[in-house]
Amino acid sequence: VTNGGFDDASGLTLDSGWSISNGVATYDGLNINQDIQFNDLTVTAGKSYRISFEIVSDDDMELFFGASSSEIVSGGYNLYQKGVHTVYGVAQTSNKFKIFARNSNGGNAGSIDNVSVKEVDPNGRWNTTGTWVIEDGKATCVNTANNTSVNQVSMFTIGKKYKIDFSLIDYVSGSVYVGDGASIGLNIANP
């Protein structure tokens with residue numbers, strides 16, 4: 001993201017409820033569904049993203065991260081308290097990245113800074129469902145949702161034998177299934 005630190009309004013399109021001043025973006029809390037569009041950042045449908053940002057105001061902000069009006073982070077609007085946050089999601093459509101704010105369900109006027117958006121599998125070798133993140137040479141599941149996966153399509157040939165090596169590190173809970181995704185595999189319960 002260019003200008004995720006909000007030094008000025010260059011590269012941004014602001015709805016009337018947002019302003020840039022003193023190095024932060026501020027939502028006035030007067031209108032619902034006000035957005036900041038990052039003109040230099042187009043997200044791609046089906047790709048996973050890590051979005052980091054800081055709420056610098058004392059009041060909670062209710063934010064929605066999207067491409068056009070389609071969500072990237074599941075659940076639509078979420079409430080965020082003062083501090084640094086990192087969220088993950090999958091773009092539902094290809095379009096310019098936007099941050100929306102609204103003033104209902106506990107959301108208030110407030111300020112945001114240090115926005116960073118990064119595709120988590122920039123080489124495109126892996127497919128993910130749920131909240132898997134691929135970076136720094138490892139795949140990480142960042143929540144406990146059931147039936148999430150990280151996979152590659154068309155890797156196996158019928159009739160051939162394969163050896164699969166992997167390391168399970170930083171295990172907290174749940175189970176792991178390794179296999180062809182259809183009928184052959186090994187369920188590693190509570191490794």
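Biologist: Which rings do ring pairs link into a cluster here?

Modeller: This is a predicted model, so keep that in mind. A search of the whole structure turns up 9 aromatic pairs. Ring pairs join up a cluster made of F6, F38, F53, F65, Y80 and F97.

Biologist: Take F53 and Y80: is that pair stacked, tilted or edge-to-face?

Modeller: Two numbers settle that, since a pair of aromatic rings is described by the distance of the centres and the angle of the planes. For F53 and Y80 the centres sit 5.0 Å apart and the planes meet at 90 degrees. Planes over 60 degrees apart count as edge-to-face, so the F53 and Y80 pair is edge-to-face.

Biologist: How many residues apart in sequence are the parts that F53 and Y80 tie together?

Modeller: Both of these residues, F53 and Y80, are buried. F53 belongs to strand β5 (residues 48–55), while Y80 belongs to strand β8 (residues 78–80). The pair therefore ties together parts whose separation in sequence is 27 residues.

Biologist: And W18 with Y27, what kind of pair do they form?

Modeller: Their centres are 5.7 Å apart, with 40 degrees between the planes. Stacked needs under 30 degrees and edge-to-face needs over 60, so W18 and Y27 make a pair that is tilted.

Biologist: Are W18 and Y27 buried or exposed?

Modeller: The cut-off for buried is under 20% relative accessible area. W18 comes in at 5%, and Y27 at 0%. So W18 is buried, and Y27 is likewise buried.

Biologist: What does T128 touch, leaving aside its neighbours within four places in sequence?

Modeller: T128 sits in strand β12 (residues 127–129). V90 is 38 residues from T128 in sequence, and their C-alpha atoms are 9.0 Å apart. Leaving aside those neighbours within four places, the contacts of T128 are S48, I134, S149 and V150.

Biologist: How many helices and strands does the protein chain have?

Modeller: There are 191 residues in the protein chain, and 35% of them are buried. Among contacts with a separation of 6 or more, 61% come from residues 24 or more positions apart. As for the count, the protein chain has 0 helices and 17 strands.

Biologist: Where is confidence lowest in the protein chain?

Modeller: Overall, the protein chain has an average pLDDT of 82, and 85% of the residues score at least 70. Strand β3 (residues 24–27) is the highest, at a mean of 96. Where pLDDT is low, the predicted coordinates should not be read in detail. At a mean of 59, the lowest is strand β17 (residues 185–189).

How values were computed: Residues are numbered from 1 along each chain as its sequence is written. This is a predicted model: local features need pLDDT of at least 70, side-chain atom pairs count only at pLDDT 80 or more; totals for chains, interfaces and linings use all residues. Side-chain values use heavy atoms; hydrogens and water are left out. Rings of Phe, Tyr and Trp (its six-membered ring) pair if their centres lie within 6.5 Å; planes under 30 degrees apart count as stacked, over 60 as edge-to-face and the rest as tilted. Buried means under 20% relative accessible area, exposed over 50%, partly exposed in between (1.4 Å probe, protein chains only). Helices (H or I, at least four residues) and strands (E, at least two) are DSSP runs, numbered from the N terminus. pLDDT is the predictor's confidence in each residue, from 0 to 100. Contact means heavy atoms within 4.5 Å.
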